[in-house]
Amino acid sequence: GGLFSELYFVEEPSDVIAVRDRALMLNCQVEGVEPITITWRKDGLPLQARGHISVLNNGSLCIRNFLKRKENNESDAGEYDCTARNRFGILLSRKARVQVATLPRFQTHPQSMKVQLGGVARFECHIFGVPEATITWELNRVPLNMEDA
């Protein structure tokens, strides 16, 4: 890129899994002819810097302690994008999906069963988590090697 560009993204925000009450940074770095104004949207609506949300000098969005509340349904999870403007025009970033890390309850639990010697026992276990949960099985507290399964 020896070509001079009036406005372009160096880094756009990307999908991320946030941890509740921890800080989260969404990047939006732009190069071009100054002055450049950067604004953010969440779920298509303009995002106001408030309390725990601020826009840094480099354009990145900083969420100081990520919120996930059930009472008033206020959550920082959603789709974020940033817009860069200068006198040459406007650039809209890709949408970054921000999810909250969760480990909910098991959907299905293994059930006890009786089988004949040499018979087959099939156990089921389902859980939905963000990020995807890793499931391990144990027999009498000894981890089972699932590669042979």
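The mean pLDDT of the protein chain is 88, and 93% of its residues reach 70 or more. Keep that in mind as you look around, since this is a predicted model. The confidence varies from element to element: strand E9, residues 78-86, has the highest mean pLDDT at 97, while strand E12, residues 106-108, has the lowest at 84.

Now take in the whole chain. It holds 15 strands and zero helices. Its C-alpha atoms fill a box of roughly 80 × 45 × 25 Å, taken along the principal axes. How does the radius of gyration of the protein chain compare with that of a compact globule of 149 residues? Such a globule would have a value near 15 Å, but the protein chain has 23 Å.

With the overall outline in view, let us turn to one of the sheets. Strands E3, E8 and E7 form an open sheet, in the order E3-E8-E7, with antiparallel pairing. Its edges are strand E3 (24-26) and strand E7 (53-55), each of which pairs on one side only. On average, neighbouring strands of this sheet are turned by 20 degrees against each other, direction ignored.

You can follow one of these pairings in detail. Strand E8 covers residues 61-63, and E7 pairs with E8 in the antiparallel sense over three bridges. If you find valine 55, you will see leucine 61 of E8 standing opposite.

Valine 55 also leads us to a pocket. Val55 is one of the residues that line the second largest pocket, together with Leu56, Asn57, Asn58 and Gly59. Earlier in the chain, Gln29, Val30, Glu31, Glu34, Ile36 and Ile38 also belong to this lining. Which strand gives the most to the lining of the second largest pocket? That is strand E4, residues 29-32, with three residues. About 190 Å³ of space lies in this pocket, and its lining divides into five nonpolar, four polar and two charged residues.

The last stop is the largest pocket, which has a volume of about 270 Å³. Its lining includes Pro110, Gln111 and Ser112, and you can add Ala121, Phe123, Glu124 and Cys125 as you move along the chain. Trp137, Leu144 and Met146 line this pocket too. What is the make-up of this lining by class? There are seven nonpolar residues, two polar ones and one charged residue.

Technical notes: Residues numbered from 1 in each chain as written. Predicted model: local features only at pLDDT ≥ 70, side-chain atom pairs only at ≥ 80, totals over all residues. Heavy atoms only, no water. 1 Å grid on protein atoms, 1.4 Å probe; cavity = no way out; pocket = protein on both sides within 12 Å on 5 of 7 lines; lining within 4 Å. Points joined across faces, edges and corners; volume = space filled by probe spheres on them. Nonpolar A, V, L, I, M, F, W, Y, C, P; charged D, E, K, R; others polar. Helix = DSSP H or I, 4+ residues; strand = E, 2+ residues; numbered from the N terminus. Pairing = 2+ DSSP bridges. Axes fitted to C-alpha atoms, helices over the stretch in contact; angles between N-to-C directions. pLDDT = per-residue confidence, 0-100. Rg over C-alpha atoms; globule rule 2.2 N^0.38 Å.
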